[in-house]
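The exercises below ask the reader to work from individual residues outward to the packing around them. Each task is followed by a solution that proceeds step by step.

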Amino acid sequence: MTIIKLLFAVLVPLLLGFSATSLLIREKIAFLERASLAWGIGLGLMGIEMYTMSLLGISLNLRNVLVPTIGIIGLLLSYSFYHRNSLSSPAENQRQYRRGFLELPQGLNNAEKLLIILIGLTIAYVFFDALVKPTVEFDAMWRQGTIAKIIFTTGQVATEQAKAVAGPHPYLNPLAQAWIYMSLGYWDDALGKVIFPLCFTSMLFIFYCRLRAQTSRLKALIFTYLLTSFPLIILHSGNAYSDLMQTFYYSAGAIYLLSWFKENKTHLLFSSAILFGIGNFVKQSGIPLWGMSVVVLAIFLLFERPKESWNGLKSLGLAAMISAPWIFSPNSFLYGFISSIATRLSPSAPTNAPLVSGGIAAQPANPALADLVYHLGRRMFTYADWQILWFVFIVVSVLGAKLIWQSYLKYGFILIVANLAMIIYAFSSPGTYQYLVDGTLVNRLMMYQIPFVLYFCAIIITLDASKDEPAVKIKGKKKRVR
């Protein structure tokens, strides 16, 4: 009975996501990509729905959450079926399905079979780590686990007790776990963590399918296997921290955004926007990560595709609408950022800080830029968390500089570098600098874009000079980069 209830708990957000993707993506895509996207979107939308219900004073329990969710699924599917005639042609549908993960099993060679087995073993280990091994991380038990139990037992999110534990952090992680408890009828710390290996698996399938759209099956499998080799990602896939969820939503969103830069298919842009919007509800870092992607998107639209500016604005509105219940909350990063700007622009308030000779308040010195770069470099190049990814990124960026500059890939490069610069800025104050030095936080911040960095490198390394090179515009004409 427990297994049936657990499957039910997973199936409901999956169906919600499938109904959303049926409306969002009218053309046929690989089933595993659609399922993975559906899981991410469904889980996020359900968490935001539960949070909104709590803000409206509605008690959160299985019945109260399930009824509106089923209603939303029905409305989305009805609208999607009403517009079913806008689907792609049968020939295009067949071609798209052949790009999927489960392509003609008899066509797999031994290397591909081995890679699939190795990837499958890693996925199996992650599920074992999450569902069988005990949770021992302090924050996973004290913060996320406790909030999930408070939501489950009280039926409310923003109780005084929950707010005291959560602080400024968003609630998607504990809400997702609380949904599992509601479906089971009791709380179970191990089974509540099933959401994390599912996010990990979905990230792998999205990574593979998006890469497979541009290169051969073997090459896509090789890089997907490499994605399973990062120790910190595997670690966080089995615990109850929010960092794996943030990695999934941000990197998947960035991959879809880069895919839109190349393919100009509207569903790629809107999929990216939805994932970024949900990411705002995972951690405080979701909003600045989304903000940086908006800046890169604006630059791309300005210089490359100004006629798509309306779609760009719609994607911005879509992401903002999805995350609106949180981003306009007094605890959100955006609210705090605007408040800090307003404080800086206002006249300085008197301070009781002790004075040194000359009447100047004693303030700790800001760390030097060289020190910030040095400590970030140590985390990038001398720790096993990322293997040799950052070395590879530098090599492909140098050797492929002409290709990057003359194609859509330069915007992916800008996004990666901008995120690194944002990390440096985040640790530039004396209060946060210690976390860069001791590494308790910086490694997790860097993890958010690691799948996207690997995807960027994979695109350049696997580029087929005869077929898959990006088309660029030069003086109003298109030509291929050789």
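Two residues are in contact here when heavy atoms of theirs lie within 4.5 Å. The coordinates belong to a predicted model.

**Exercise 1.** Determine where Ser 323 lies and which residues, beyond its neighbours within four places in sequence, it is in contact with.

*Solution.* Begin with the secondary structure: Ser 323 belongs to helix H15, which covers residues 309-327. Next, consider accessibility: its relative accessible area is 2%, and because buried means under 20%, Ser 323 is buried. Then list the contacts: once neighbours within four places in sequence are left aside, Ser 323 is in contact with Gly 277 and Asn 280. Finally, look at the side chains, where a polar contact of 3.2 Å joins Ser 323 to Asn 280.

**Exercise 2.** Describe the surroundings of Asn 280, stating whether this residue is buried or exposed.

*Solution.* Asn 280 is found in the loop between H13 and helix H14 (286-303). With a relative accessibility of 0%, Asn 280 counts as buried. Its side chain reaches the backbone nitrogen of Ile 287 at 3.4 Å, in addition to the polar contact of 3.2 Å with the side chain of Ser 323. Neighbours within four places in sequence being left aside, the contacts of Asn 280 are Pro 170, Gly 286, Ile 287, Trp 290, Ser 323, Trp 326 and Ile 327.

**Exercise 3.** For helix H13 (residues 266-279), compare the expected span with the distance between the end C-alpha atoms, and then assess how far the helix is enclosed.

*Solution.* At 1.5 Å a residue, the 14 residues of H13 should span 20 Å. The end C-alpha atoms of H13 are 20 Å apart, which agrees with that expectation. As for enclosure, 13 of the 14 residues of H13 are buried, so the helix is largely enclosed by the rest of the structure.

**Exercise 4.** Classify the ring pairs Tyr 51 with Trp 326 and Phe 393 with Phe 413, and place each in the chain.

*Solution.* The structure holds 20 aromatic pairs. For Tyr 51 and Trp 326, the ring centres are 6.3 Å apart and the planes stand at 65°, so this pair is edge-to-face. Since Tyr 51 lies in helix H2 (residues 31-55) and Trp 326 in helix H15, the pair ties together parts that are 275 residues apart in sequence. Both Tyr 51 and Trp 326 are buried. For Phe 393 and Phe 413, the centres are 5.8 Å apart and the planes are at 15°, so the pair is stacked. Phe 393 sits in helix H18 (residues 389-399) and Phe 413 in helix H20 (residues 409-426), 20 residues apart. Phe 393 is buried at a relative accessible area of 6%, whereas Phe 413, at 29%, counts as partly exposed. To finish, Tyr 51 and Trp 326 form one aromatic cluster together with Tyr 171 and Phe 281.

**Exercise 5.** State how many residues the largest nonpolar core has, and examine the contacts of Phe 261.

*Solution.* The largest nonpolar core has 137 residues, and those with the most contacts inside it are Trp 179, Phe 261 and Trp 390. Helix H12 (residues 243-263) provides the largest share of this core, with 13 residues. Leaving aside its neighbours within four places in sequence, Phe 261 is in contact with Val 296, Leu 297, Phe 300, Arg 305, Tyr 408 and Tyr 411.

Technical notes. Residues numbered from 1 in each chain as written. Predicted model: local features only at pLDDT ≥ 70, side-chain atom pairs only at ≥ 80, totals over all residues. Heavy atoms only, no water. Core = buried A, V, L, I, M, F, W, Y, C linked by side-chain atoms within 4.5 Å. Buried < 20%, exposed > 50% of the residue type's maximum accessible area, 1.4 Å probe, protein only. Helix = DSSP H or I, 4+ residues; strand = E, 2+ residues; numbered from the N terminus. Polar contact = N/O pair within 3.5 Å; in protein donor to acceptor, adjacent residues only side chain to side chain. Expected span 1.5 Å × (residues − 1). Phe/Tyr/Trp six-rings, centres within 6.5 Å; stacked < 30°, edge-to-face > 60°.
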